Amino acid sequence: MNGLKIAFLAPLKRPIEPETTVSRNRVITDLALGLVKKGHKVTIFGTADSHLPGVTFIGVISKGLNFLKQTENSFYRDTAYIAHSIEELVEAVKEVLETTP
């Protein structure tokens with residue numbers, strides 16, 4: 001049997017790392033590593049500073065929201081950061097599509 005292709009959408013507050021102890025990230029870490037061990041191809045959409053052995057990461061934002069500079073209103077900071085990151089991602093995809101024959 002060939003392995004499955006499985007994707008996770010990870011929380012964006014912190015990177016996904018082998019040594020994480022944060023509950024949601026720990027569940028994703030354990031599931032992803034267990035699936036890789038069984039021969040499945042795992043992709044995680046999360047922060048670009050995430051890393052797990054054998055797992056492919058697609059960075060939705062460059063770093064976890066908890067590591068941004070503190071501001072008076074973190075909701076507006078986080079929303080603006082995510083919106084800006086999505087704009088950059090859309091522009092990068094457009095460039096790739098325009099240069100692909």
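Biologist: Which residue forms a salt bridge with Lys94?

Modeller: This is a predicted model. A salt bridge here needs a side-chain nitrogen of Lys or Arg within 4 Å of a carboxyl oxygen of Asp or Glu. Lys94 pairs with Glu91, and their closest N and O atoms are 3.6 Å apart.

Biologist: Where do Lys94 and Glu91 lie?

Modeller: Both are in helix α2, three residues apart, which is about one turn of the helix.

Biologist: Are Lys94 and Glu91 buried or exposed?

Modeller: Buried means under 20% relative accessible area and exposed means over 50%, with partly exposed in between. Lys94 has 42% and Glu91 has 43%, so Lys94 is partly exposed and Glu91 is partly exposed too.

Biologist: How many salt bridges are there?

Modeller: The count is three. One of them joins Asp30 and Arg26 at 2.8 Å, N to O. These two residues lie four apart in helix α1, residues 23–37. Asp30 is partly exposed at 44%, and Arg26 is partly exposed at 24%. Another joins Arg77 and Asp78, also with 2.8 Å from N to O. Arg77 and Asp78 are both buried.

Biologist: Which residues make the nonpolar surface patch?

Modeller: Leu89, Val93 and Leu97 make the patch, of about 280 Å². A patch residue needs over 30% relative accessible area. Leu89, in helix α2 (residues 74–99), has 43% and is therefore partly exposed.

Biologist: Where does Gly54 lie?

Modeller: Gly54 is in the loop between β2 (41–47) and β3 (56–61). Its relative accessibility is 60%, so Gly54 counts as exposed. Gly54 and His40 are 14 residues apart in sequence, and their C-alpha atoms are 9.7 Å apart in space.

Key. Residues numbered from 1 in each chain as written. Predicted model: local features only at pLDDT ≥ 70, side-chain atom pairs only at ≥ 80, totals over all residues. Heavy atoms only, no water. Patch = residues over 30% accessible without salt bridge, like charges linked within 9 Å, V, L, I, M, F, W, Y side chains within 5 Å. Areas by Shrake-Rupley, 256 points an atom, 1.4 Å probe, with all protein chains shown as cover. Buried < 20%, exposed > 50% of the residue type's maximum accessible area, 1.4 Å probe, protein only.
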